[in-house]
Amino acid sequence: MNNQEKDILQTLISGKAENQRQIAELSGYSVGVVNRSLKTLKEGGLIDDDYRPTGKASKLVKESKTKRAIILAAGFGMRMIPIGSECPKGLLTVFGEILIERTIQQLKEAKIEEIYVVVGFMKERYEYLEEKFGVKLILCMDYTSKNNLYSLAAAKEYLEDAYIVPCDVYCYKNPFHTFEFYSWYMTSSETSDDTDLRVTRGREILMLDEESEGNKYFGIAYLTKEVAAKTKKRLEELTAAGKNSKMFWEAAIVTNRVMDIPARVVGPEDAVEINTYSQLREIEYYNPLLQNEVIGIICKVFNVTYEEIKDITVMKKGLTNRSFLFTVKNQRYIMRIPGVDTEGYLDRGLEGRVYDAIRGKGFCDDNVYYDNVKGYKIARFIENSRVCNELDLEEAAECMRIARRFHDMKITADTKLDLYGNIQLMEDMWEGQPSEYKDYEETKKHCWAMKEFVDENSTSEYLAHGDLNPDNFLVSFENGQKRIQLIDWEYTGVQDPLTDLAAFIGYRKHDRAWVESVIDAYFYDGCSKKQRLLAYCYIALWALYNSNWCEYKRTLGVELGDFGITTYQYAKEYYKVFEEEYEKYLKDM
């Protein structure tokens, strides 16, 4: 019995078809295919002369019972911005129904009670599902830095005879059954020019090398016992040692650019993926979520209706915030949405006062809008821009001159930043958990031993940028002239300006010669030995602060890749550089 015949048999067992034409309509096959399949099924003893399933078919159904379902709901839903900043994608309300609740109800209609929901972002918002529907939650710890390959890996023990269902698909028709005869992956008969998948006439699924004309797809699949065993092994291989962080779960069912299971092709009227703000607007134009607080701000600032906000596109998620592009009146803008946990350690009012102080000074474009309480920010989007290439020493020197020009403005404020205090604050936020680094206490001891020198030689009366890393210098060319802007002033505060120098140096790993060149570029008017020693101190301290921040984020389930270990290694390297150079300095006195 081939897959076509299995589909025809499943249609007959559903009891919704009385003749060949109805069978064809429900199964999606031609009348000719239906007639040939009916003949084979009858010859095999699976149906009688009236096309009714036999006892043999009933036995096959029992052996093919669907056991469970896994719903993937861990991700940020980045592409749903600005909605996704307030509500997890699975909890969006569409046509009056909560997406994930609709999926669970459809699974239960198919008599599937064993349901697992893999959660991560805003995981607490999903907890009510356990009591309301009897589902079980599985936490994916890697949701911040890795794709849904890791979400499925968190549920790899439950793949056998299971549906895999993303939380962002609205199925107009229930795609689930109490039994399935074979594994499949759901695709659409609708095509698109930005997909990486194509279905052949034989329902084989080919993975394209790059996005081109092909079939839309939904990420819904069914895995039988045999396929599940292979998929579990592949998941273990693909996620070993944290590799393949950008992969989607489908990579676990692909061999040599061909999917291991056939397509189940449905029409565009059967299901729709809701991945972006624009997609939601297309299918439900008057959904209340489309006119949320963020959209309301844009409407008020530009005096437009929400329909006039075009081309909403998510930007890459930053370490602290999320941002998205949009177009109003043929001009592109970028809007920043503050991270959900930033209100405890960022002074948005001070950030606003800094923007006022540097207005018109050429450090960056003036904001179109800034909220001094919540930190929402709208600015003109600079086309064809890039971040600073710090490996280009000439460009790095240009950035250092901009930093010096800001520091020389000597802007005062009430908010003072204490780097030692912030290092300890981050450690305290671990809530009693030890550092992941076995020699952390030794590293901290050496960093604290520098405190006397820092206190004696630092200058902490004026504002520093607070996060002066190379990625916050934006390079563009306007009218043939190179322009460098310093952006993202949210970490600003009164502290030694050399902490900004340390932030630029310590953001990525570089050799000692590069570090010395950057220090010389900042001190273009001459660097004393004490200033250089102080710079070494701040490089170590800034790196330790960032390392501790990464460890704090890890307690929240947020993984930041190599950034944490790189900064920790920098802390160790430069407290040693300071100690060696300070010893030479004392001998030369």
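Helix α18 covers residues 529–555. At 1.5 Å a residue, its 27 residues should span 39 Å. The expected span is 1.5 Å times one less than the number of residues. The end C-alpha atoms of α18 are 40 Å apart, which agrees. Helices here are DSSP runs of H or I with at least four residues, strands are runs of E with at least two, and both are numbered from the N terminus. The model is predicted: local features need pLDDT of at least 70 and side-chain atom pairs count only at pLDDT 80 or more, while totals for chains, interfaces and linings use all residues. Residues are numbered from 1 along each chain as its sequence is written, and side-chain values use heavy atoms, with hydrogens and water left out.

Is α18 enclosed or open? Of its 27 residues, 23 are buried, so α18 is largely enclosed by the rest of the structure. Buried means under 20% relative accessible area, exposed means over 50%, and partly exposed lies in between (1.4 Å probe, protein chains only).

Turn next to an open sheet of 3 strands. Its order is β19-β21-β22, with antiparallel pairing. The edge strands are β19 (386–387) and β22 (481–486), and each pairs on one side only. Two strands pair if DSSP finds at least two bridges between them. Strand β21 (residues 473–478) runs antiparallel to β22, and 6 bridges join them. Within this pair, Phe473 stands opposite Leu486 of β22. Helix α12 (residues 393–407) packs on the sheet and touches β19, β21 and β22. The direction of α12 makes about 55 degrees with that of β22. Such axes are lines fitted to C-alpha atoms, for helices over the stretch in contact, and angles run from 0 to 180 degrees between N-to-C directions.

His510 sits in the loop between α16 (498–506) and α17 (512–522). At 11% relative accessibility, His510 counts as buried. Beyond its neighbours within four places in sequence, His510 is in contact (heavy atoms within 4.5 Å) with Glu390, Leu391, Ile505 and Tyr570.

Strand β9 (residues 205–223) has antiparallel partners. With β8 (residues 184–199), β9 shares 9 bridges. There, Leu197 has Met207 of β9 as its bridge partner. β8 and β9 form a hairpin with 5 residues between them. In the turn, Arg203 has a positive phi of about 70 degrees. Strand β6 (residues 162–166) pairs with β9 (residues 205–223) in the antiparallel sense over 3 bridges. Ala162 is matched with Leu223 of β9.

Leu223 also leads to helix α8 (residues 225–238), which holds Thr231. Thr231 is in contact with Leu159, Leu223, Ala252 and Ile253, leaving aside its neighbours within four places in sequence. At 1% relative accessibility, Thr231 counts as buried.

Two loop residues also deserve a look. Tyr51 lies between α3 (31–43) and α4 (55–63). Its phi is near 65 degrees, a positive value in a residue other than glycine. At 27% relative accessibility, Tyr51 counts as partly exposed. Arg257 lies in the loop between β10 (254–255) and β11 (258–259). Phi of Arg257 is near 70 degrees, again positive in a residue other than glycine. At 41% relative accessibility, Arg257 counts as partly exposed.
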